[in-house]
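I opened the model to look up how one strand is paired and how two helices pack, and I note here what I found.

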Amino acid sequence: GSDCDLEGLDAFSVKGIPLVQIGTGRPRNGIVRIAMDQEFGLKTLVAYLQKLGHRDIGYIGDDTPPDLRREEIVRKIITNRNLTIRPNALVRVPTHDIETGYEAMYRLLNQCGELLPTAVIAADDVIAQGALRALFERQIHVPTDLSLAGIDDIPSARMTIPALTTLRQPI
């Protein structure tokens, strides 16, 4: 997987055992890496949100290397498309789980006050699911009041109410 500790795998690669890493991360000799073209996918997601009329977009994620890479790509794309991502609509939390998404969305809502972005991109679907719960508790309707999009298209994304808009990562 992305950014896992690969030190223990050296014993396999020196013996010629084929290894494949799925996701982004630091390249290593003897390990083939297969990853989604994140920039292409995120351009597609931002273009979709822009087509729906969104110009002020927020982002929530955590401090892990994969999420920081996605954040950097999203910020670049939004800037290049002449859209807005305000500093108070960009939230980074230290851990990664569903509670992280909940906490991140609450922080974004509190930081933005009355002037919410019209759409928020979550670093992945797990974070988006937690964010969806925070929006529900604050009685902010998705997608009527604020659009929310995740990344990965995990199976449970279809089970949320409303179903989560998500960028499919073809694993």
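**Strand pairing, then helix packing**

I began with Ala 119, which stands opposite Ser 147 in strand β6. The model is a predicted one, in which local features need pLDDT of at least 70 and side-chain atom pairs count only at pLDDT 80 or more, while totals for chains, interfaces and linings use all residues. Residues are numbered from 1 along each chain as its sequence is written, and side-chain values use heavy atoms, with hydrogens and water left out.

I then looked up the pairing of β5 with β6 (residues 147-152), and found 3 bridges between these parallel strands; pairing requires at least two DSSP bridges, and strands are DSSP runs (E, at least two residues), as helices are (H or I, at least four), numbered from the N terminus. Strand β3 (residues 57-62) also runs parallel to β5, joined to it by 4 bridges, and Ile 57 has Ala 119 as its bridge partner there.

Which way do the residues of β5 point? Ala 119 and Ile 121 point one way from β5 (residues 119-122), Val 120 and Ala 122 the other way, and all are buried (under 20% relative accessible area, 1.4 Å probe, protein chains only).

Turning to the helices, I noted that α4 (residues 98-112) and α5 (residues 125-137) pack at about 50°, their axes 6 Å apart, and are therefore oblique to each other (neither under 35 degrees, nor over 145, nor 65 to 115). Their contact (heavy atoms within 4.5 Å) involves residues including Tyr 102 and Met 105 of α4 and Ala 131 and Leu 135 of α5.

Notes
Axes fitted to C-alpha atoms, helices over the stretch in contact; angles between N-to-C directions. Buried < 20%, exposed > 50% of the residue type's maximum accessible area, 1.4 Å probe, protein only.
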